[in-house]
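User: I'm new to reading protein structures, and I'd like to understand why things get the names they do. Could you walk me through this one?

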Amino acid sequence: MKLNLLSCDAQRPDRRAIAKCIAEVSSSVGGSLANELTDILLEGDAVDIEVEDKNSGSALRAFRKLSIDYEIIE
């Protein structure tokens, strides 16, 4: 499943937790790329990631918990 991470509405976003979440749920993102994607997301730009289908439910819950708005692409 592809997700488009749109924005983070948290008052004080936890960069480390967001990067860790992206690295854990994405099928093709490692630690350093997750940090870069987190910086891009927190600057206000959308980020596309690929999530394994077996992790999709927990990934969506984790993003909601981190106050990240997302949309499902496919």
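**Reasons behind the names**

Analyst: Happy to! Let's start with one pair: Lys 2 has Glu 50 of strand 2 as its bridge partner. Keep in mind that this is a predicted model.

User: How do you know that strand 1 and strand 2 pair?

Analyst: Pairing calls for at least two bridges between the strands. Strand 1 (residues 2-8) and strand 2 are joined over 4 bridges, in the antiparallel sense, so the condition of at least two is met. Another of these partnerships links Leu 5 to Val 47 in strand 2.

User: And what joins strand 1 to strand 3?

Analyst: Here there are 5 bridges, and these strands run antiparallel. Leu 3, for example, stands opposite Ile 72 in strand 3.

User: What makes strand 2 and strand 3 edge strands?

Analyst: Look at the order in the sheet: 3 strands are arranged as 2-1-3, forming an open sheet with antiparallel pairing. Strand 2 (47-50) and strand 3 (68-72) each pair on one side only, and that earns them the name. From one strand to the next, the twist averages 30°. Helix 1 packs on this sheet, where it touches strand 1, strand 2 and strand 3, and its direction makes about 40° with that of strand 2.

User: Why are helix 1 and helix 2 called oblique to each other?

Analyst: The axes of helix 1 (residues 15-25) and helix 2 (residues 31-43) cross at roughly 120° and come within 8 Å. Roughly perpendicular covers 65 to 115, and roughly antiparallel needs an angle over 145. The value fits neither of those, and therefore the two helices are oblique. Their crossing is right-handed. Residues making the contact include Ile 18 and Ile 22 of helix 1, with Leu 37 and Leu 41 among those of helix 2. By class, this contact has 8 nonpolar, 2 polar and 2 charged residues.

User: What makes the meeting of Asp 39 and Arg 15 a salt bridge?

Analyst: The test is a nitrogen-to-oxygen distance within 4 Å. The side chains of Asp 39 and Arg 15 meet at 2.5 Å, N to O, so the pair passes. Asp 39 belongs to helix 2 and Arg 15 to helix 1, so this pair ties together parts that are 24 residues apart in sequence. A search of the whole structure finds 1 salt bridge.

User: Why is helix 1 described as roughly antiparallel to helix 3?

Analyst: Helix 1 and helix 3 (residues 56-65) pack with their axes 10 Å apart, at an angle of about 170°. Angles over 145 count as roughly antiparallel, so helix 1 is roughly antiparallel to helix 3. Cys 21, Ile 22 and Val 25 of helix 1 make the contact with Ala 59, Ala 62 and Phe 63 of helix 3.

User: Which classes of residue make up that contact of helix 1 with helix 3?

Analyst: The contact has 6 nonpolar residues, with no polar and no charged ones.

Note on methods:
Residues numbered from 1 in each chain as written. Predicted model: local features only at pLDDT ≥ 70, side-chain atom pairs only at ≥ 80, totals over all residues. Heavy atoms only, no water. Axes fitted to C-alpha atoms, helices over the stretch in contact; angles between N-to-C directions. Parallel < 35°, antiparallel > 145°, perpendicular 65-115°, else oblique. Left-handed = near helix turned anticlockwise from the far one by under 90°. Contact = heavy atoms within 4.5 Å. Nonpolar A, V, L, I, M, F, W, Y, C, P; charged D, E, K, R; others polar.
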